[in-house]
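Here is a short walk through one helix, a helix pair and a chain contact. Have the structure open as you read.

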Amino acid sequence: MITHFYDVIIQTVCRLLIPFIQVYGLYVIAHGHSSPGGGFQGGVILGASFILLCLSHDLQEMRKRLTRRTILIFCSLGVTIYAGIGFVCLLLGGNYLDYGRLHRILPVDSVAARSLGIFGIEVGVGITVMAVMVSIFLDLASEEKVREG
Amino acid sequence: MELIIGKYNYWIYISLMMIGFYAMIAKKNLVKKLIGMNIFQTSIILFFISTGSKIGGTIPIVEQGAQVIEAGQYINPLPHVLMLTAIVVMVSTFGVALALLWMIYRKYHTLEEDEILRLRR
Amino acid sequence: MNEISFPILIIVVPLISAFFIILVGLLRRDLCYPLMILTLSFSTLSSISVLKEVLWGGTIHYRLGGWLPPWGIEYVIDPLNGFVLLIVSAISLLIGITSKRMVEREFPEKATFFYCLFLLQVTGLLGIVVTGDLFNLYVFLEIASIAGYALIALGEDGAPFASFNYMIYGTVGACFYLLGVGYLYIATGSLNMADLAQILPSLLSSKVVLIAFAFFMVGIAIKMALFPLHVWLPDAYTYAPSAVSSLVAPLTTKVGAYVMIRVALTVFPPAFFIETLPAALMLRWIANGAILFGCILALAQKDLKRMLGYVLIAEIGYIALGVGFGNRNGLTGAILHILNDALMMACLFLFVGAITYQGWPRKMDQLRGLHRKMPLTAAAFVIAGLSVIGVPPTCGFFSKWYLVLGAIDSKEWLSMAILLASSLFNAILFFRVIEKAYFESGKEHGMVQRTMEIKESPLTILLPLLVLTAGVLSLGLFSGKIISGIIRFAIPVYFK
């Protein structure tokens, strides 16, 4: 039986660091087209921030912030955003994922619409990847009974 | 000699691949097989990325306000993009495999292949 | 949304619905099943429409994102594609209808996730068939495979270990396929199938292309369960739950066979496969081994589902033999056998699912009196068994006929003898079961008293089973029309 030794230093440092890690994850998602980064990488960083919360504090701390239901909803939401943006392009008359057509509903011109379209799907990918990473960790860490982390 | 020294990167990838393959086949512990699979897939990813590099090439990002773009100066970004997808596939296969190992452990209380085969009879 | 966008909708609608089902399942559990059936019906109707359009108007090209082919991903549908697309979507619709009862009996609390994984598996299979880009095929191959690993592990009693075994094999196969794609990209700089078909004929003497071909063939052979690399199949399909094995067994290996036909005969010029390399010769020998091995090992099994797994290995051997003959009749037989074998295996595995649902054990010597309790289900088994043996007018006879014609055309007398001998082995296998089910009285000693009453299968399982049986019976008679209408255009022009 492993007893948990909650160290003050680890808890304090992690509590200070985790918001910055999350902001950095969002930055990596948003700057995927002009620096190394993108949806998958940013999603993993966001997921890692939640796992750090699990490891440094108790599992229940993270459960207060991300319930099982929320994780499931995020998994589906991300893919739905991705496929939904492609669908919208289809409805506006182009091929699937033809972001150039988005200029009819967004107030930008056709070239900038492509950039925004790619950004939209990267956000979707990031949400899904974050939810899946946290879900894998939760299933392995606590036999789905979620007592201790 | 030129074959070994000149193409040393291919020798590294092949040896990594064979280490992973050997682990998948010969090891009895299921977690070691899984790690072997991971090494195998990682070596393939490294191999692909190395095919896109050029001597003296720079990263394929266009600076703001650049007028003339010469494609020959940038390294090839397509293998990087393909391998991003392959890394995602690798991670999700690893996740499913870990969940499977957890189910196997809950049922048989061991992760050695010969004991599991004996218990399954 | 104009008619031209059906090729993409066939894939996108199941993909979005798979994740919608999770969201809907959080709110109301009983809406998941109708949503899945709606999605699969939409896919089937779209694939019928796409096939009609291809046969009238020629090959359909659909560009993803509007980018032109060598730079962008393109979905190409020609008669071969459209044919396999229709098979995959129709059979997954029929199996999807039957899955509800079997899921509720075996793992009711995971039903929502089962439907999501089912749709993801169907998305992956449909995507493999539709795409015209080699790397996109790898992505869909992995989607289908990972959903398959998770689905197979839902069974009990040894299923996670069998699924882990399948995963190790399957990952090696997919990685070899990826290596083949990489080598081709290094040699030519393109990933598009049509583009490669134009570039490759001038590069065939290079070692890189040769090794790429070898990697492709080995990787696809693992996914297709061709003879020496079939070891994952019996375990994985035996321990899988009934709803899962009736989906993956008819479809996964056939889609793998389609990929082999696509790579060997469309991407690489057919002369490379048949004349330059002895690859067709090796494929013939391996396929002969698969047929013999599958039939003989099936004789040794006591479990009905495991026996069907070995019969499946033999059927894959038929398709590979047809491709290996290298003439028009052989290839016609192989493509027709993709259709026939999918129907027969769906019927047989669904039969096993139906009797498991009613509580019959799967051991073959405990099937006594089956025909009295479940007459229609047992009749379906008999007809599917006759089709595997190759009795006219069932469809199995016609594909075997074309395979034998192909053997005669290329003067392969040993293969012809093996084809005919395998019919004899299959007859022994299936008549053994039919004798137990029909001709032995159920009141002999050894028959355990059952706690629940055995009756005929429920309607959602029985109706698709009867539709599949009717297909097995009637599609044989329509074989001539299928060949002259669809398959004749699906074969590359190289074969005279």
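In chain C, the buried residues of H16(C) are covered by, among others, the helices H13 (304-325), H14 (328-357), H15 (370-373), H17 (395-409), H18 (413-439) and H19 (459-477). Helices here are DSSP runs of H or I with at least four residues, numbered from the N terminus, and a contact means C-beta atoms, placed from the backbone, within 7 Å. This is a predicted model, in which local features need pLDDT of at least 70, side-chain atom pairs count only at pLDDT 80 or more, and totals for chains, interfaces and linings use all residues. Residues are numbered from 1 along each chain as its sequence is written, while chains are lettered from A and ligands numbered from 1 in the order in which they are written.

Among the buried residues of H16(C) are C:Phe381, C:Leu386 and C:Ile389 (buried: 20 or more other C-beta atoms within 10 Å of the residue's own). Just after H16(C), C:Gly390 has a positive phi of about 110°.

Now for the pair H4(C) and H5(C): their axes, lines fitted to C-alpha atoms over the stretch in contact, come within 8 Å and cross at roughly 150°. That makes the two helices H4(C) and H5(C) roughly antiparallel (an angle over 145 degrees).

Here is how two contacts divide by class, with Ala, Val, Leu, Ile, Met, Phe, Trp, Tyr, Cys and Pro as nonpolar, Asp, Glu, Lys and Arg as charged, and the others, Gly among them, as polar.

| Contact | Nonpolar | Polar | Charged |
|---|---|---|---|
| H4(C) with H5(C) | 12 residues | 5 residues | no residues |
| Side of chain B that touches chain C | 16 residues | 5 residues | 2 residues |

The contact between these chains takes 23 residues from chain B and 20 residues from chain C. H4(B) gives the largest share of chain B's side, 11 residues.

Methods:
Contact = placed C-beta atoms within 7 Å. Buried ≥ 20, exposed ≤ 12 C-beta atoms within 10 Å, placed from the backbone. Axes fitted to C-alpha atoms, helices over the stretch in contact; angles between N-to-C directions. Parallel < 35°, antiparallel > 145°, perpendicular 65-115°, else oblique.
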